[in-house]
Amino acid sequence: MKILVLVKQVPDTATKIRLNPGDAAIQTDGIKWVINPYDEFAIEEGLRLKEKHGGEVVVVSMGPARVEEAIRQALAMGADRAVHIVKDAVGDSQVAARALARVCQDEGYDLIVTGKQAVDDDQAQVGPLVAVELRLPQVTVVLKLEVDPDARKIRAERELEGASEIVELPMPAVVTAQRGLNEPRYPTLPNIMKAKKKEVKSVPLESLGIDTEPWVVVEELTLPPERPAARILTGEPEEAARELARLLHEEAKVI
Amino acid sequence: MAEGILVVTNQEEGRVRRVAYEMLAVAQELAPGKVTALTFGPGAEQTREGLGRYGADQVVALNGPAYAAYSSDGFADAVAKATESLDVEALFFPANAWGKDLAPRVAGLLKAGLASDCTDMFRRDDGRLGAVRPVYAGKAFARVAIQSPRQVFSLRPNIQPIKETGRAGTAWDFDPGLDAASFKAVVTEVLTSQGGQLELTEADIIVSGGRGVKAPENFKVLEDLADALGAALGSSRPVADEGWVPHSYHIGQTGKVVSPTVYFAVGISGAIQHLAGISGSKYIVAINSDADAPIFKAANYGVVGDLFKVVPALAQEIRAIKKDA
């Protein structure tokens, strides 16, 4: 079974966002870059499927030179090889999906796995868009995945609001991972060493022959408004509770 | 020039979520032309009266046998076909589990740009629609333009007011002419979760617990406060990772991003990832024994004290207020 895992490199979730007024992008100096947390679940699921059914796990990632670090990390987790679509310009989800889909097409696949969203732009689009590009069915926000490579069938549980649903679909397909799907492994030292020798194919975005003009353009980023300083209540718990209830009822009028 | 807006919404047994009416309110304000609502499945026809009352000029109810069970590819094809038959400049979807699965698929088919999870929408100077949407889980907000001929937006629930405007809600008979046998990914079963827990992303009030709660069984104290408030229960990431509560409770950058009227952070120190996930809350109330916890900097109201004493007392006070009301 050939499994492609689409991986994005994003700022670590502990990053404090810094902006200058009028900026359309965050300040990136000093940022720690990591694999998108939801893509880690996707990598882990790909590895588990390979361990169970045999085959190959290929990582596909897009971005500037720094992305190679995320790729090596995915290889150290156990992926077999990788394709790096080298891209420096700003794009959008559709550009990303077109580029990734083109590489997927060239590679061939039985299954394409990625995270349910990237924690930087939070668009949650690339999985479904790749599926449309490749005319594949999709199941998103997956909590449990059962793959039957012989019957070419997938049965997945996906998260809803306060519930979940079972989706059945044929292979090949695009699956997007939600937290809870698995517990991603940490790379071991021998695997980190091995990863250094694994193949990473570098593909310039321009060589893919796709439209690279973004349709969704960020014009300006702003920070959320600061909250006024908190009313802090101290003292006896009963009194503080009574005063808090009163403030919520009479001042904020929310209870 | 296309002037209408197509509002695509899910429904269950003839009932739509509030977000459907929120989308209609925004659509009415922004569309010079007709607002069309489109919904699917058994009971879809029963939603027509309500959709009209809250702003739909016409309603398409795809309630044929093909649409009895959700299929992302099948439903996306149907929406794309409906769009081709309508004079619309934009499509709105709810940014819930259903809409976030369907909207990108439709956007891909229509070759249109999609802005997900928008918290504000407006008419731009160039005459097109624009939106504001959170990025980095709400650590920042992006003002976005969509430059494709058609524009697609998904709207975050619980942000926009609803308006009863009593539009016609005329039935528009439309058959996309699709055969369910061609649908690939199909829902075969819906599993409802434990004990009718209120959904966090739609909750008006949330009571959330962190490490300060100390043990899984202590969540009972929070449950009692949530019960008094009619609130949903949530948690910080560490306690969900520890398995004290299900993963679905986890609020933060890699969990649920919430926007309630009031958010009670109980025994939560306030890691940056958690603060991102709650930044859309109108009021934040922090209860923590550590006066230096970062959560107090994000809060509107704070109580420094032992949560095991403060929370039960607060539940009692809330019940007393509600009894008098």
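Two strands count as paired if DSSP finds at least two bridges between them. With that in hand, let's work through a predicted model of chains A and B.

**Exercise 1. A sheet shared by two chains**

Find the strand of chain B that pairs with E12(A), and name the bridge partner of Glu220(A) in that strand.

*Solution.*
Step 1. Start with the pairing: E12(A) joins strand E10 (residues 140-146) of chain B in the antiparallel sense, over 6 bridges.
Step 2. Now go to the residue. Glu220(A) has Arg143(B) as its bridge partner in E10(B).
Step 3. Step back to see the open sheet of 4 strands, whose order is E12(A)-E10(B)-E9(B)-E8(B) with antiparallel pairing.
Step 4. Look at the edges. Strand E12 (216-222) of chain A and strand E8 (120-123) of chain B each have a single partner strand, so one side of each lacks a neighbour in the sheet.
Step 5. From one strand to the next, the twist of this sheet averages 25 degrees.

**Exercise 2. The parallel sheet**

Work out which strands stand at the edges of the 6-stranded open sheet that contains E13(A).

*Solution.*
Step 1. Write down the order: E13(A)-E18(B)-E17(B)-E16(B)-E14(B)-E15(B), with parallel pairing.
Step 2. Read off the two ends. E13 of chain A and strand E15 (232-235) of chain B are the edge strands, each pairing on one side only.
Step 3. Add the twist, which averages 20 degrees from one strand to the next.
Step 4. Check the place where the chains meet: strand E13 (residues 231-233) of chain A and strand E18 (residues 301-304) of chain B are parallel and share 3 bridges. Here Ile232(A) is matched with Gly302(B) in E18(B).
Step 5. Move along to the neighbour of E18(B) within chain B. Strand E17 (residues 283-288) of chain B pairs with E18(B) in the parallel sense over 4 bridges, and Val285(B) has Tyr301(B) as its bridge partner.

**Exercise 3. Two helices on the parallel sheet**

Decide whether H5(B) and H9(B) are roughly parallel or oblique to each other, then list the strands that each helix lies across.

*Solution.*
Step 1. Take the geometry first. Helix H5 (residues 219-229) of chain B packs against helix H9 (residues 307-324) of chain B at an angle of about 20 degrees, and their axes are 9 Å apart.
Step 2. Apply the cut-off: angles under 35 degrees count as roughly parallel. H5(B) is therefore roughly parallel to H9(B).
Step 3. Note the handedness, which is left-handed for this crossing.
Step 4. Identify the residues in contact. H5(B) brings Val221(B), Leu222(B), Asp224(B), Leu225(B), Ala228(B) and Leu229(B), while H9(B) brings Phe308(B), Val311(B), Pro312(B), Leu314(B), Ala315(B), Ile318(B) and Arg319(B).
Step 5. Sort them by class: 11 are nonpolar, none is polar and 2 are charged.
Step 6. Place the helices on the strands. H5(B) lies across strand E14 (205-209), E15 and strand E16 (262-266) of chain B, and runs at about 175 degrees to E14(B). H9(B) lies across E16, E17 and E18 of chain B, at about 135 degrees to E17(B).

**Exercise 4. Helices that meet between the chains**

Classify the packing of H4(A) with H4(B), and sort the contact residues by class.

*Solution.*
Step 1. Locate the pair: the axes of helix H4 (residues 126-133) of chain A and helix H4 (residues 97-110) of chain B come within 8 Å and cross at roughly 40 degrees.
Step 2. That angle makes H4(A) oblique to H4(B).
Step 3. The crossing of H4(A) and H4(B) is right-handed.
Step 4. Pro128(A), Leu129(A), Val132(A) and Glu133(A) of H4(A) make the contact with Pro104(B), Arg105(B), Gly108(B) and Leu109(B) of H4(B).
Step 5. The class count is 5 nonpolar, 1 polar and 2 charged residues.
Step 6. For the chains as a whole, 73 residues of chain B are in contact with 68 residues of chain A. The side belonging to chain B has 35 nonpolar, 24 polar and 14 charged residues.

**Exercise 5. Domains**

State how far apart the domain centres are in chain A and in chain B.

*Solution.*
Step 1. In chain B, the assignment gives domain 1 (4-182) and domain 2 (195-324). Their centres are separated by 32 Å, taken over C-alpha atoms.
Step 2. Between these domains of chain B, 8 residues of domain 1 are in contact with 9 residues of domain 2. The domain 1 side has 4 nonpolar, 2 polar and 2 charged residues.
Step 3. In chain A, the assignment gives domain 1 (2-208) and domain 2 (225-255), with 44 Å between their centres.

Key. Residues numbered from 1 in each chain as written. Chains lettered and ligands numbered in written order. Predicted model: local features only at pLDDT ≥ 70, side-chain atom pairs only at ≥ 80, totals over all residues. Axes fitted to C-alpha atoms, helices over the stretch in contact; angles between N-to-C directions. Parallel < 35°, antiparallel > 145°, perpendicular 65-115°, else oblique. Left-handed = near helix turned anticlockwise from the far one by under 90°. Contact = placed C-beta atoms within 7 Å. Nonpolar A, V, L, I, M, F, W, Y, C, P; charged D, E, K, R; others polar. Domains from an automatic or database assignment.
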